[in-house]
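Please open the model in your viewer and keep the selection panel at hand. The tour below moves from one selection to the next and says what is found at each stop.

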Amino acid sequence: MKSLIKKAGPYVTLTVMSGVMIVLNSCNDDILELTPLDRISEVAVFTDEAFLTNYVNGNYRGIRQHFEPDAGGYIGLTDIGTFQDETLQYNSSAIPYREGNLTPDLVEVFTRGIGNGGVFDMWQNSYGFIRRINVFFENTEGNEDLNADRLRVLSGESAFQRAYIYFELLRHFGGVPLLTSSVALDEAEATPVARASYDEVAQFVLDELDRSAQLLAGEDMETGRASQAAALALKARMLMYMASPLNNPSNDVSKWQAAEAAHEAVFVLGFSLHPDHVQVQREPIKTDEVIFGREYTIQNGTESQAFGIAWGYNYDFWPAGFDAQQKQVPTQRFVNMHQMTNGEYPYLDENFTLNPASGHDPQNPFVDRDPRFYFNILYPGAPVNIIDGGRTTERTYEYWEDANPGIPNENPDKVDPINGQDLFDFGRDSRQYWIDGRTPFHWDIQTGYIFNKLLDFTGPRADFQYDYNNVTTFIRLSEMYLNYAEIQIALGNDEEARTYINFIRARPSVNMPPITASGAELVEVYRKERAVELVLEDHRFWDLLRWKAGPGNIDINPVNGLTSVTRDWSNGGQFRFEYGPIVEQREPWPGDFYYLLPIPRDEINRTGIEQNPGYQ
């Protein structure tokens, strides 16, 4: 391939001459079901509507999935989740991150996910897809072989895709090289590149989203595709990030006002909260609330993957007693963020000082909680009705040990009536069950809880031929409402902030009392509400970074959980719970430089671009 290179300001432009061979993906019934085709000539791709549509479909793979890297994304590095050192595939970098020692040599593994036909790190994968999208624009500009209306829609989708990828790069690394042509970063010797500033890249994202919204205006887009609403919603989120403390150290009020106006532009589009918070995360996509989302399919594998095999979050999050890896688990702090149904938090502080107004009983801790608790958390004794071959059963999450190990066979139930499994005085998800060799998985870091929100117990634990019923909600109205509440807090409008938080709490399936907090207390309540509503939707880690709230959160110490759960079968199977620090501890927050990730060393060596401050 020959090229003519021009460079102007932060943008790099390249005119592609000819000779490129493009790898395509095909779609069948689902618009994002991808089946590789043979290599097809560039001329055919960019003159045939079906081929070009499939090319654009394939570029949705460039949008990072919530589960990446590995399983659950970065939730295990926040205050609301923690990960199993032994099972997390990116533990060789996640452990150093937790210890404050992430380096440019480790960041490729830290950000690794599945994409573009294999396993790639965030930086490499993003720029690979940016290049594909740039090829699209270079080869369709002025193209008279395609239907103008169809090309307009595909261009709107492509602008959205490119904006989303640059948004992800921004929140990972800050300012990055801003490429708008098909030049690749590994061609840097012929094409010198430099990092654009955060503001330059952010403005490019906003411009792309404006263009996408204009091109897609009035189009009734299929679920899973970009739309005018998706473009406007991502623009609103981008502006809120720009207004947040990490990127707005002087607290420029005009940035908050711009974010406010952008969210109001989304609100007039007619979206509403779905009445059932559970069904928002289940197929089919609830288009009344979900602005941009994707359903799981066997082909597109939008949920958790292990080296290309897609089976939902089940294998990575299911209880260890079902031979699942249980890679990331909730902390006690997250459990305690869920209020009682009377609107009171169960504890007053991290030291388990009971809130007398809550009515909470630490020995009967799972009753009368916010309804979202039962969706978000699988707790000892919670019902688990599983359809998984020989393991099929209706039981509870049996995370308990025998209170009287010296007295055998106290449990009056000896056999599971559905699958014939032997029952014991200890539970089938307990450490003793593993010690006895009845499951291969029981890991050292156990908080006693499981993330339940995105599990699908209606099918097998791990089967890439099964059509799981969970969905990926990239952007939904509840996030927009919570963003707007945060903006109003920043603008000093507490009453308006409470209104939008209470919209979510008033959802019919939730029906929690309205919040009344103000000032600093409102900030705390808002951040807890955001965690409860949006858990596992790829927000908490990035929220803590943009708030500059690493200390006490990302470096939470101690990490609390259930240190002991026992059942006393001499007393009718009575539970006893003990709370406190679990095994894992975290090192102190290393400093402000840690709010951005390091750029991979290979990229620094190859291109000579500047590394983020604080990294060697």
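Select Gln328, which counts as buried because its relative accessibility is 1%, where buried means under 20% relative accessible area, exposed over 50% and partly exposed in between, with a 1.4 Å probe and protein chains only. This is a predicted model, in which local features need pLDDT of at least 70 and side-chain atom pairs count only at pLDDT 80 or more, while totals for chains, interfaces and linings use all residues. Residues are numbered from 1 along each chain as its sequence is written, and side-chain values use heavy atoms, with hydrogens and water left out.

Gln328 lies in strand 14 (residues 328-330); strands (E, at least two residues) and helices (H or I, at least four) are DSSP runs numbered from the N terminus. Now add Gly73 and Gly76 to the selection: the Gln328 side chain reaches the backbone oxygen of Gly73 at 3.2 Å, and a polar atom of that side chain lies 2.6 Å from the backbone nitrogen of Gly76.

Next, select Gly72, Tyr74, Ile75, Asp538 and His539. About 120 Å³ of space lies in the largest cavity, and these five are the closest to its centre of the 17 residues that line it. A cavity is a set of points on a 1 Å grid over the protein atoms alone where a 1.4 Å probe fits but cannot get out, and lining residues have an atom within 4 Å of a point. Helix 17 (residues 540-546) gives the largest share of this lining, three residues.

Move to helix 2 (residues 49-59), where eight of the 11 residues are buried, among them Leu52, Tyr55 and Val56. At its N-terminal end, Asp48 acts as a cap, with a side-chain oxygen 3.0 Å from the backbone nitrogen of Ala50.

Then select strand 20 (residues 471-476), which is largely enclosed by the rest of the structure, because six of its six residues are buried. Strand 11 (residues 290-295) pairs with strand 20 in the antiparallel sense over five bridges, pairing being called if DSSP finds at least two bridges between two strands. Val471 is the bridge partner of Glu295.

Finish at strand 16 (residues 383-386) and strand 17, an antiparallel pair with four bridges, in which Asn385 stands opposite Glu394. Along strand 17 (residues 393-396), Thr393 and Arg395 point to one face and are buried, whereas Glu394 and Thr396 point to the other and are not. Six residues lie between the strands of this hairpin, and Gly389 takes a positive phi near 55° there.

Technical notes. Polar contact = N/O pair within 3.5 Å; in protein donor to acceptor, adjacent residues only side chain to side chain. 1 Å grid on protein atoms, 1.4 Å probe; cavity = no way out; pocket = protein on both sides within 12 Å on 5 of 7 lines; lining within 4 Å. Points joined across faces, edges and corners; volume = space filled by probe spheres on them.
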